Amino acid sequence: MFTVRILGMRHCLYLCLLALTGCATVQVGRLPEVASVGANLVVDGVPEVPDAILAGLARYQNTRSASFQGWLGDGILIATRFGNTTQLHRVEAPLGMRRQVTYFAEPVGGARVNPDPARDGFVYLRDVGGSEFYQLFWYDNASGDSTLLTDGKSRYRGVSYSPSGRWLGYSTTEGNGVDWDLHIQGPTGERRVVQAGAGVGWSIDDFSSDETRVLVSHYLSVNESRLYEIDLASGERTRLLPDTTAAFGTTRYGASGDVYFTSDMDAEFMRLLRLDTETDDVTVLTPDTPWSIESFALSRDGERLAYVANEDGISRLAAFDLTTGAFIALPGVPPGIISGLRFHPDSRRLGFTVRSPTAPSDVFSIDFDTRLLTRWTKSELGGLEGVRLAEPRLIRYPTFDGRSIPAFVYRPPGPGPHPVLISIHGGPESQSRPTFSSTAQYYVNELGAAVIYPNVRGSSGYGKTWLKLDNGRLREDSVRDIGALLDWIATQPDLDAERVAVSGGSYGGYMVLACLVHYGDRLKAGVERVGISNFVTFLENTQPYRQDLRRVEYGDERDPEMRAFLESIAPLNHVAEMTTPLLISQGLNDPRVPASESEQILAALKKQGVPVWYVLARDEGHGFRKKSNRDYLSAVTAMFLEEHLRDESEAADREN
């Protein structure tokens, strides 16, 4: 092994090639072991991380979480991390021991338990190096053996079981590498092609109770999707609600063959509805809920339905009896974000995951007979036990066109004025919500920085009108919302408008770069992860199976007028206006935002003489999922922010 300090872009690309061929391990300086540059990391311009940063971070890097994957008998299957990657574990009793059942260098991407107790096992997804070309594996509980069910090279997603557990449904690019074909597979490996060559965005959502039909959704954009039913014997596909243009979410068959679904049809928010497939009548089941219903689950016997409403970013769990239509009184669930609703096969118990700003995600269940809440896991806070964790406050600030932007603000104690980190979500139609982040807690408690998570126009959770406000040629209006946030920060006596940094990943990474173009004189630093630097090159180079979906959101770069517009707003074409120091991180195998997006902005900024640090992970994709890589990037990010957000007068006093 030898150590190299990288000096320029040409050296960076050269060393990437060396590392890819196994000829070199690239490191920067001599870092302490906890922040060492792994063999799969290539870094450029990053100095040695000070011991003080490493010591402060250590207690924040060992929190754990647990997410509910399904019921296994009277126990549960969860995903959690004990080593470097997230793996699957069994828990036989509430707060019992977590028994690990998968052991891989790559994280497991989720699991689906077979509903047939005689087929004692589950299917799980796993990719290599963050490529997102997920393969399906069958895990046999009795033997502990895993069997590959797929071809090892195509992409598989959207796994669902038929009620008996005989059929496994999924979508795959196996046909031509682009179209999302629909397949079902039997327990002995026999496959049937349900649909092929119909384009992208297709998924099998559910099987009818007699397993002769499947519900199929076709995602066109965040604003529009379509529902279909396919007869498995004839292959005939029938569109449901053919006269409706709307977005659809979760869809499920009821016990009698009716279809339950969420949609914003004839409404501003996603509501829960029921379609009578005999009469085509639609009934709204949540007419009085002024927020989006984000998920629901049906009991196997068809008697109960549980759903989660997203109320200004906070989850509310509710349930009702489908035989009477009456709401069911539920025990108090810890406040936070609720996900992963799954009924036990006995139809009596409902499992789910809860996460909050001050607690990692954990698994709970409700027994509908006893109305008792049971906690299954209690995830470790690591070194944060006893530390005062910050709670966010929801604020709204005015923007350029008179609208109001919601944002969650984590403030450190004391009068300030505190430096500020603005963290912008990706998507672009994601939503920042008050959830647990050990890094946010670190910035608040150790760096003394306020952290602000805005939901600029285009975010989900606030209705379809809000969702469409950044579409097409309105793209930079969301950037102007960040300018308005900078104005708001300047009005807050406890916040320092002279010490503000902006951070974001994926589309949020584009937002960071755009902010450095438009507001660089008001920002001290930018932290950009797997970001888009030019929508034209992004659309041309993202994976073919997702190109058309992204063109609907951002515009079609093959149209000359749209191409000219996208080029006009590309940060890559405005590097002459960028002077703010920037930290870039990227996964080499990213299928969404290819590494070329980071490489080209890095090269352009270095040519301009802009201070820029770069961290490339050869074994990651769209973000860093391996703990060792995340720990190093967290240390570099903390050092970068400390350098650019510190109070210069205080630093001078310390030096004197």
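**Aromatic pairs.** I counted the ring pairs in this predicted model and obtained 23 aromatic pairs. I then looked up phenylalanine 122 and tyrosine 124, which form a tilted pair with 6.3 Å from centre to centre and 55° between the planes. I recorded both phenylalanine 122 and tyrosine 124 as buried.

I turned next to tyrosine 510 and phenylalanine 535. Their ring centres are 4.7 Å apart and their planes stand at 55°, so I entered the pair as tilted. This pair links distant parts of the chain, with tyrosine 510 in helix α6 (residues 507–519) and phenylalanine 535 in helix α7 (residues 535–541), 25 residues apart. I noted tyrosine 510 as buried because its relative accessibility is 0%; phenylalanine 535, at 1%, counts as buried too.

**Cluster and charges over rings.** I traced a cluster in which ring pairs link Phe104, Phe122, Tyr124, Phe137 and Tyr139. Over the ring of phenylalanine 104 I found the charged end of arginine 126, 3.8 Å from the ring centre. I also found arginine 349 over the face of tryptophan 71, at 5.5 Å from the ring centre.

**Asparagine 141.** I located asparagine 141 in the loop between β8 (135–140) and β9 (146–148). Its relative accessibility is 14%, under the 20% limit, so I classed asparagine 141 as buried. Setting aside neighbours within four places in sequence, I listed its contacts as Leu72, Arg90, Asp120, Gly121 and Phe122. With aspartate 120, I noted a polar contact between the two side chains at 2.8 Å. Finally, I checked proline 412, 271 residues from asparagine 141 along the chain, and found the two C-alpha atoms separated by 47 Å.

Methods:
Residues are numbered from 1 along each chain as its sequence is written. This is a predicted model: local features need pLDDT of at least 70, side-chain atom pairs count only at pLDDT 80 or more; totals for chains, interfaces and linings use all residues. Side-chain values use heavy atoms; hydrogens and water are left out. Helices (H or I, at least four residues) and strands (E, at least two) are DSSP runs, numbered from the N terminus. Buried means under 20% relative accessible area, exposed over 50%, partly exposed in between (1.4 Å probe, protein chains only). Contact means heavy atoms within 4.5 Å. A polar contact is a pair of N or O atoms within 3.5 Å; within protein, one must be able to donate a hydrogen and the other to accept it, and residues adjacent in sequence count only if both atoms are side-chain atoms. Rings of Phe, Tyr and Trp (its six-membered ring) pair if their centres lie within 6.5 Å; planes under 30 degrees apart count as stacked, over 60 as edge-to-face and the rest as tilted. A charge sits over a ring if NZ of Lys or CZ of Arg is within 6 Å of the ring centre and within 35 degrees of the ring normal.
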